[in-house]
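Subject: Structure handover

Hello,

Here is the structure we talked about. My notes follow below it.

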Amino acid sequence: MRATLEHHRTRPTATAAPVRRPVEQADTDSARFRTKLRALCATRLHDTPTLTVPRRGHVYMDGGRDRHIYVIETGQVKTLMTTGSGKRCLLSISGAGDVLGELGLLGSERSDTVVALEPATLHQIPGDRFLSVLAEGGLLPEYVRHLGERVIEQQKIIVDMVTMECERRLAARLLLLSRQIGVRRGPLVLIRARITQEELAEMVGTTRSRVGLFLKRFREAGLVDMVQGSLLVDDRRLGDYIEGRPAADGRF
């Protein structure tokens, strides 16, 4: 993931940014709910259809009207929306235990599309049965809290899009991805999905070439690195950069 355009070397600037409260990946309401939901899929919902989706295959597409809920068993998928002019916005990346397609419960056309980033398996569950089984298992309150955490997460992304300049928006999305789908490697976090520069650009509303430039600056500042095609991030330093706190070694 090298920048394709040559620019003068400038380091990320430490301008003011909104104060962000850290959200740890482990032991959140959503993490506990996902664990219980996967157990439920293996027991009460074991007879529901299982979809096997190849890399770049579609789980569902915008315009569809199915009323199913999808629970990821293995693999990772991306959710995106496309504007009338053809521009795409990558909304999120989801992994094992995550729930997709809840808006199908409303009975209206789907407005988003879900595509596999790697081979994935998902449970396809009729919406009414999904809610019924959650109610019988006493999990509806936890599901509501899980949805609440997702709303808060999306609100933070909207605030970032409005208040942050593009380079810092990219840093914020990398930090969020590290907490959603990252694996701790000592002081660093490996983002397991192999996300392209084009996909990162769709997340933060910029071009692929600018993402390449920003990643080059981040590598020079010691905020990120590449390991066999996946991003390795220093989440502590990345958080300091987002909040405008200078690093102890003065690298940004």
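I start with R110, which sits in the loop between β6 (99-100) and β7 (113-116). Keep in mind that this is a predicted model.

R110 is buried, at 5% relative accessible area. Beyond its neighbours within four places in sequence, R110 contacts Y60, M61, D62, G63, G64, D66, H68 and Y70. G101 and G104 are also in contact with R110. Take D66 from that list: D66 and R110 are 44 residues apart along the chain, yet their C-alpha atoms are separated by 8.2 Å.

Next, the nonpolar cores. The largest one has 32 residues. Within this core, I93, L170, L174, I191, L200, L215 and F218 touch the most other members. Two or more residues each come from β5 (88-94), α4 (166-181), β10 (188-191), α5 (197-204), α6 (208-220), β12 (230-233) and α7 (235-243). Which element gives the most to this core? It is α4, with eight residues. As background, nonpolar side chains tend to be buried together in soluble globular proteins.

I191 is worth a look on screen. Setting aside residues within four places in sequence, I191 contacts L174, L177, S178, I181 and G182. I191 also contacts S230, L231 and V233. Another core, of 14 residues, lies apart from the largest one. L45, V133, L134 and L139 are among the residues of this other core.

Now the helix pair. The axes of α3 (residues 140-163) and α4 come within 10 Å and cross at roughly 160 degrees. Angles over 145 degrees count as roughly antiparallel, so α3 is roughly antiparallel to α4. The crossing of α3 past α4 is right-handed. From α3, the contact uses E153, I157, D160 and M161. From α4, it uses R169, A172, R173, L176 and Q180. By type, the residues of this contact are four nonpolar, one polar and four charged.

One last residue, also in α3: H146. Is H146 buried or exposed? Its relative accessibility is 2%, so H146 counts as buried. Not counting residues up to four places away in sequence, H146 touches S30, F33 and R34.

That is what I have so far.

Best wishes

How values were computed:
Residues are numbered from 1 along each chain as its sequence is written. This is a predicted model: local features need pLDDT of at least 70, side-chain atom pairs count only at pLDDT 80 or more; totals for chains, interfaces and linings use all residues. Side-chain values use heavy atoms; hydrogens and water are left out. A nonpolar core is a set of buried Ala, Val, Leu, Ile, Met, Phe, Trp, Tyr and Cys residues joined through side-chain atoms within 4.5 Å. Buried means under 20% relative accessible area, exposed over 50%, partly exposed in between (1.4 Å probe, protein chains only). Helices (H or I, at least four residues) and strands (E, at least two) are DSSP runs, numbered from the N terminus. Contact means heavy atoms within 4.5 Å. Axes are lines fitted to C-alpha atoms, for helices over the stretch in contact, and angles run from 0 to 180 degrees between N-to-C directions. Angles under 35 degrees count as roughly parallel, over 145 as roughly antiparallel, 65 to 115 as roughly perpendicular and the rest as oblique. A crossing is left-handed if the near helix is turned anticlockwise from the far one by less than a right angle, and right-handed if clockwise. Ala, Val, Leu, Ile, Met, Phe, Trp, Tyr, Cys and Pro count as nonpolar, Asp, Glu, Lys and Arg as charged, and the others, Gly among them, as polar.
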